[in-house]
Amino acid sequence: MATMKPTIKPMKVAQISKPGGDFEIVEREIPKPLQGQVRIKVQACGVCHSDVLTKEGSFPGIQFPRIPGHEVVGVVDELGAGVSAWKVGQRVGVGWHGGHDGTCLPCRRGDFRNCVNQKIAGVSYDGGYQQYMVAPVEALAAVPESLQAAEAAPLLCAGVTTYNSLRHSGAMPGDLVAVQGIGGLGHLGIQYASKFGYKVAAIGRGPGNAPLAKKLGANFYIDSSATNAAQELQKLGGAQVIVATAPNSKAMSALIDGLAPNGKLLVIGATFDPIEVTPPQLIFGSKSIQGWAAGTPADSEDTLRFSELTGVRAMIETFPLERAGEAYARMMSGNAEFRVVLTM
Ligand SMILES: [Zn+2]
Ligand SMILES: [Zn+2]
């Protein structure tokens, strides 16, 4: 009796095969989900600046070849053993939080966002720059039906980072909240801050972004290249929170004196230069500086539902998967308006 070999359909992926290597479009077999995993037919995946950690191999312990991508939206295509809470055909997303162990001390305290063995999609395992992706159930967020895949994808990292940091910032409706930087993170931060009922001051370089900032919901626009932005914030009464999105430590340092008493500089734009501050700048007025990273898949679901409810959307430029290298270069140029998204 002749045995029929099952046909294994290949899929296209955009992989990096060595640190600093270029994107390679190659065919691979469609992966099978193992115990506690699902397979996702990817519809869209955002290109985030943190993908540089995969592209350049700068994340400690990363192995190659690796497929980047942690702003993934798609449909569950196959369930691994033991998966009961998700259905084939269900819309899901995967963000930066790619899984947690459930056993470390932060996890035992319910603080999964700070798991010491946290996995990151596109770093710890292959991410969304491919047609089919396998992910552990701890990484899955349900995606509302009304959101388009390419629009929703950036909300899984840039969206949840701004939404979740702002909602935990302590700012109350009516408080002055400043958003520094009008880019991939900032254009979402302005929208969320406005929908949260804050008085929003957008801080950008040059007069060019003023109309857009107002359109996104900013009440004030401060041109940091023409004025002293900290002084301008003080004229408005001082900011309760300044969310710093542009990866520029010098610009962040210059804003600290724009805080109101008990105000907070909330740092989400990642760069490796030091932020400079003198102790008296913090002591007088009890001011603080806090960092924030993304959120759990449950936080992502909150972000997606809030965005669906209020109309907050990412402004995107889309590229097909085959042009991943070009899409990445566009993101790195800083000229994209504002999030770059791959479509499959
Ligand atoms: Zn990201
Ligand atoms: Zn843990």
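The legends below describe close-up views of a predicted model.

**View 1. The zinc ion (ligand 1) and its protein donors in the predicted model.**
Three residues supply protein donors to the zinc ion (ligand 1), namely Cys48 through SG, His70 through NE2 and Cys157 through SG, and these donors lie 2.0 to 2.2 Å from the ion. Read along the chain, the donors of this zinc ion (ligand 1) follow the spacing C-x21-H-x86-C. Cysteine 48 belongs to the loop between strand 3 (37-47) and helix 1 (52-55), while cysteine 157 belongs to the loop between helix 3 (149-152) and helix 4 (158-167), so the pair ties together parts that are 109 residues apart in sequence. Cysteine 48 counts as buried because its relative accessibility is 6%, under the limit of 20%. Cysteine 157 is likewise buried, with a relative accessible area of 8%.

**View 2. The zinc ion (ligand 2) and its tetrahedral arrangement of donors.**
The protein donors of the zinc ion (ligand 2) come from Asp101 (OD), Cys104 (SG), Cys107 (SG) and Cys115 (SG), and they lie 2.0 to 2.3 Å from the ion. The 4 donor atoms subtend angles of 98 to 119 degrees around the zinc ion (ligand 2), and the arrangement is therefore tetrahedral, since that term asks for all angles to lie between 85 and 135 degrees. In sequence, the donor residues of the zinc ion (ligand 2) show the spacing D-x2-C-x2-C-x7-C. Among these donor residues, cysteine 104 is buried with a relative accessible area of 8%, and cysteine 107 is buried with a relative accessible area of 5%.

**View 3. Strand 5 and the strands that pair with it, strand 4 and strand 9.**
Strand 5 covers residues 91-94, with Arg91 and Gly93 pointing one way and Val92 and Val94 the other way, and all of these residues are buried. This fits a general pattern, in which the side chains of a regular strand alternate between the two faces of the sheet. Strand 4 (residues 72-79) and strand 5 run antiparallel and are joined by 4 bridges; within this pairing, valine 75 has arginine 91 of strand 5 as its bridge partner. Strand 5 also pairs with strand 9 (residues 140-142), again in the antiparallel sense, over 3 bridges, and here valine 92 stands opposite alanine 142 of strand 9.

**View 4. Serine 165 in helix 4.**
Serine 165 is a residue of helix 4 and is buried, because its relative accessible area is 0%. The side chain of serine 165 reaches the backbone oxygen of threonine 161 at 2.7 Å. When residues up to four places away in sequence are not counted, serine 165 touches Val160, Leu266, Ile268 and Trp292.

**View 5. The salt bridge between lysine 12 and glutamate 322.**
The count of salt bridges in the model comes to 16, and one of them joins lysine 12 to glutamate 322, with the closest N and O atoms 3.4 Å apart. This pair links distant parts of the chain, for lysine 12 sits in strand 1 (residues 10-16) and glutamate 322 in the loop between strand 16 (316-320) and helix 11 (324-333), 310 residues apart. Lysine 12 counts as partly exposed at 31% relative accessibility, and glutamate 322 is partly exposed as well, with a relative accessible area of 43%.

**View 6. The salt bridge between aspartate 126 and arginine 28.**
The side chains of aspartate 126 and arginine 28 meet in a salt bridge, with a distance of 2.8 Å from N to O. Aspartate 126 lies in the loop between strand 7 (119-120) and strand 8 (132-136), whereas arginine 28 lies in strand 2 (residues 23-29), so the pair ties together parts that are 98 residues apart in sequence. Aspartate 126 counts as buried at 17% relative accessibility, while arginine 28 is partly exposed, with a relative accessible area of 24%.

**View 7. The salt bridge between glutamate 78 and lysine 32.**
Glutamate 78 and lysine 32 form a salt bridge through their side chains, at 2.8 Å from N to O. The pair links distant parts of the chain, with glutamate 78 in strand 4 and lysine 32 in the loop between strand 2 and strand 3, 46 residues apart. Glutamate 78 counts as partly exposed at 23% relative accessibility, whereas lysine 32, at 55% relative accessibility, counts as exposed.

Terms used:
Residues numbered from 1 in each chain as written. Chains lettered and ligands numbered in written order. Predicted model: local features only at pLDDT ≥ 70, side-chain atom pairs only at ≥ 80, totals over all residues. Heavy atoms only, no water. Donors = N, O, S within 2.8 Å, 3.2 Å for Na, K, Ca; no water. Helix = DSSP H or I, 4+ residues; strand = E, 2+ residues; numbered from the N terminus. Buried < 20%, exposed > 50% of the residue type's maximum accessible area, 1.4 Å probe, protein only. Tetrahedral: all angles 85-135°; square planar, octahedral: opposite > 155°, others 65-115°. Pairing = 2+ DSSP bridges. Polar contact = N/O pair within 3.5 Å; in protein donor to acceptor, adjacent residues only side chain to side chain. Contact = heavy atoms within 4.5 Å. Salt bridge = Lys/Arg side-chain N within 4 Å of Asp/Glu carboxyl O.
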